[in-house]
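Me: I have a structure open and would like to go through it piece by piece. Can you take some questions?

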Amino acid sequence: MNFDLDEDQQLTRDTIGRFLGPVDIAARHAMRKAEGGYSHARWQEIADLGLLALAAPEAMGGIGGTIVDLALVAEALGKGVAIDPWLENGVLPIRLAAAASDDALVGELVTGAKFAAAAFAEPARRYETEAVTTRAEGGHIAGAKTFVLGAPLADTLLVTLAGNKLAKVERDATGIVRQDYPVIDGSNAATLDLHRTPAEIADLPDAKFQRVIGDVRLLAAAEMVGLAQTMFDDTLAYVGERQQFGAAIGSFQALQHRLVECYAALEQARSMVLRTAMLDPTTDDANWPRLTAGAKAFVGEATTKIGLEAVQMHGGMGQTDELAIGHALKRVMLLDKLFGDQDHCLRTYARAA
Amino acid sequence: MDLDLTKDELEFREEVRDFLRTSLPDHVRDGAKRTPGVFVEPDIGLVWHRILNDKGWVAYHWPEDCGGTGWTPMQRYIFEKECAIAGAPALSVLGLRLVGPVICAFGTREQKDRFLPAIRAGTDYWCQGYSEPQSGSDLASLRTRARRDGEEYVVDGSKIWTTHAHHANWIFCLVRTDGEVKKQAGISFLLVPMDQPGVTVTPIITMAGDHEVNQVFLDGARTSVDNRIGEEGQGWTIAKFLLENERGGSFHAPRLIRAIDHLEQLAGVAPSGHNGSLGGDIQIATRIAKLRLEAEALETTELRILADIAKGRPAGPQTSLTKLISSEIHQRIDGLAMDLHGYDGLQLPTVRPLYGNEAPPAIGDEDAQVAAARYLNSRAWTVFGGSSEVQKNIIAKTVLRL
């Protein structure tokens, strides 16, 4: 048994910490106001750091990181409250492309040459991941998708189809009606209406798709742990500084006990992520999305609680858009619902138990 | 003991219902429904304010000699409940519920004549200068100073979390007029006009992207000595009177119950994604049931306090109890609303308002568009008007005598 980071893992974590630097709220606001809420130039830096290649198999030109390696990246990005959509526009499309055996696309994605968005959710179907209404019709596709994160900036859309297929659609393909909208972490998503849209269609075996969903769930949980760590650290610092009634508010037992509960929740959440990540090699495809659903529900509850306490203990300041804790909480709220909210994930975990 | 309404009360309820049916404009109801902030903006609120004033009902909780209606506490409750059911907007409390009753209780005849009619008419718009950057929960430590200069006060300092200061033409302020005495004893209550060079308002944007609150800088701001309410040093007594009104001035349960009804309807039609509606989902149904039980119990707690008031017993720190309970129910309702909308509940529009011709299109159900913003703004319920921590301290000290 060993919970220490190896040299490469330590190096990656330090590199990410240096790349992100301290949270700069003004720079975040400026980036979010830009077209699409993010930039291709910054995405290229993420690619150049090797963070995308880490998520791709060596056989397809990647570095082939383990899920533990990836979870450490996700946690480090969370800790720095990264604005970068590494999980939803990096790991998810890369692993979908790999699952559909599209080696060429994996290659383009890991170098940052292309930016992709994954269209897996359908309107009125909540968190169900089986595509029903979006289908292939010859060399075209038709249907509707929603919550396509990063779609406004995407060169390529990866659209899940009924019958275990994946469609690769170019940004400017005919027959796409895209409606962009801002989401809670400040990024942009879109709904897609597809009418006889030309696409390259590949098989996406369900077992492989389920594996990808499990990976994203686990990495979402890991990012939430990093986000919660920062919300907790900032709050601990704040209650030590903020003076009311002639004392630092951190000297009040009513707050101390709640902070201890947050600390316990954070440690438990971290343990859950590490435990689940290390079970990956010995977990079959059918069980992986179930284990990761349980982990994500557990971590989602813990980190949401930490975020809400962070906001409450910051009082009026906590309500503003000027602190890292608010931005972190909003990202937690998005990740908490990605591939299933707590109710959905708990049900998934319980049903298969 | 019974929960029945008298014949007169039933007739009054019909009168209120008729009025709401005929007088509440659709665009006002729609604006309230699509406002993610705590209070509606003046473009919606003042329309309804003036309709109520024309009817003579806008200041229904004021004493009759100040322009109130003379309603019994039960009539007030009926009115508020019917307004909640009809979807009428919650009006800004700053003039009607906060400074208005203070002027009624502590103001001179001249002050009442100058200020009360303009509050009722909606021609004066008020904001509240209580919290300061270094004085939140510990309000009595406030540092904004006022010194006498002939027949005027000159005010220096800064106020924060000032709701709708960017709309207001008057601010009521707690200021320190004596730095030598015990901190509570050196505070006075001043009314200060906003339209002068010494007053600067800077916006504070919330996590949801809304502009409701501000920081107000008072830099040599002037106001007449005639605009002091009560005596110098009486400010803390007035402040506590006002805070009790802020916390308990109106009934919380009717709006909460209406919101829960609305959630239940929504769950009844929202797709579960796999089998039928979300209303049939045991996890969702259980959460709604627990909220309903909490809100119904709160309604009865509020009615018990109302019955005390009707019999002339003081309400006092009970308002801290209902504020504490209602804030937390409010947040849980907004949390469940967001969850009901699934991925659609994660949209967070960056433009305002979300009503009218310029509003962006909603993704999914129209309620989904305000869900995330409302959830985020709802965090403020356990902070403003005294945080939940402060309410618990008040209850521990004054009710439990700990």
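Reply: Yes, what follows is a run through the sheets, some helices and a few odd backbone spots.

Me: Before that, what kind of model is this?

Reply: It is a predicted model.

Me: OK, sheets. What is the strand order in the antiparallel sheet of chain A?

Reply: The order is 2-3-7-6, in an open sheet of four strands with antiparallel pairing. Strand 2 (135-137) and strand 6 (176-182) of chain A are the edge strands; each has a single partner strand, so one side of each has no neighbour in the sheet. From one strand to the next the twist averages 20°.

Me: How do strand 2 and strand 3 of chain A connect?

Reply: They form a hairpin with two residues between them. One residue in that turn, A:G138, has a positive phi of about 65°. The pairing of strand 2 of chain A with strand 3 of chain A is antiparallel and runs over three bridges. Within it, A:E137 stands opposite A:H140 in strand 3 of chain A.

Me: And which residues does strand 7 of chain A set against A:H140 and A:A144?

Reply: The bridge partner of A:H140 in strand 7 of chain A is A:P198. A:A144 stands opposite A:D193 in strand 7 of chain A. In total, five bridges join strand 3 (residues 140-145) of chain A to strand 7 (residues 188-198) of chain A, and the two run antiparallel.

Me: Which face of strand 3 of chain A is covered?

Reply: The covered face has A:I141, A:G143 and A:K145. A:H140, A:A142 and A:A144 are on the uncovered face. In a regular strand the side chains alternate between the two faces of the sheet.

Me: Now the mixed sheet in chain A. What is its order?

Reply: The strands go 1-4-5-8, again as an open sheet of four strands, with mixed pairing. Strand 1 and strand 8 (200-203) of chain A are at the edges with a single partner strand each, so each has one side without a neighbour in the sheet. The twist averages 25° from one strand to the next.

Me: How many bridges hold strand 5 of chain A to strand 8 of chain A?

Reply: Four bridges, in the antiparallel sense, pair strand 5 (residues 165-170) of chain A with strand 8 of chain A. A:K168 has A:E200 in strand 8 of chain A as its bridge partner.

Me: What packs on that sheet?

Reply: Helix 5 of chain A does, touching strand 1, strand 4 (156-161) and strand 5 of chain A. The direction of helix 5 of chain A makes about 70° with that of strand 1 of chain A.

Me: Switching to helix pairs. How do helix 4 and helix 8 of chain A cross?

Reply: The axes of helix 4 of chain A and helix 8 (residues 253-279) of chain A come within 8 Å and cross at roughly 150°. The two helices are therefore roughly antiparallel to each other. On the helix 4 side of chain A the contact has A:I67, A:V68 and A:A71, which meet A:V273, A:A277 and A:M278 in helix 8 of chain A. By class, that contact has six nonpolar, no polar and no charged residues.

Me: Any strange phi values in chain A?

Reply: A:V81 has a positive phi of about 45° although it is not a glycine. A:V81 lies in the loop between helix 4 (67-79) and helix 5 (86-99) of chain A. A:A124, also not a glycine, has a positive phi near 65°, and lies in the loop between strand 1 (116-119) and strand 2 of chain A. Most residues other than glycine have a negative phi, and most peptide bonds are trans.

Me: Are those two, A:V81 and A:A124, buried or partly exposed?

Reply: A:V81 is buried, because 27 other C-beta atoms lie within 10 Å and the cut-off for buried is 20 or more. A:A124 counts as partly exposed, with 16 C-beta neighbours inside 10 Å.

Me: On to chain B. Where is the cis peptide bond?

Reply: From B:R352 to B:P353, with omega near -5°. B:P353 is in the loop between helix 10 and helix 11 (368-377) of chain B.

Me: How many residues does helix 9 of chain B have?

Reply: Helix 9 (residues 282-310) of chain B has 29 residues and reaches 41 Å from its first C-alpha to its last, close to the 42 Å expected. Its buried residues include B:I284, B:L291 and B:I305. Helix 8 (253-269) and helix 10 (318-340) of chain B are among what covers the buried residues.

Me: Last one: how many residues does each chain put into the contact?

Reply: Chain B gives 33 residues and chain A gives 31 residues. The side of chain B that touches chain A has 14 nonpolar, 15 polar and four charged residues.

Note on methods: Residues numbered from 1 in each chain as written. Chains lettered and ligands numbered in written order. Predicted model: local features only at pLDDT ≥ 70, side-chain atom pairs only at ≥ 80, totals over all residues. Pairing = 2+ DSSP bridges. Axes fitted to C-alpha atoms, helices over the stretch in contact; angles between N-to-C directions. Buried ≥ 20, exposed ≤ 12 C-beta atoms within 10 Å, placed from the backbone. Contact = placed C-beta atoms within 7 Å. Nonpolar A, V, L, I, M, F, W, Y, C, P; charged D, E, K, R; others polar. Expected span 1.5 Å × (residues − 1). Parallel < 35°, antiparallel > 145°, perpendicular 65-115°, else oblique.
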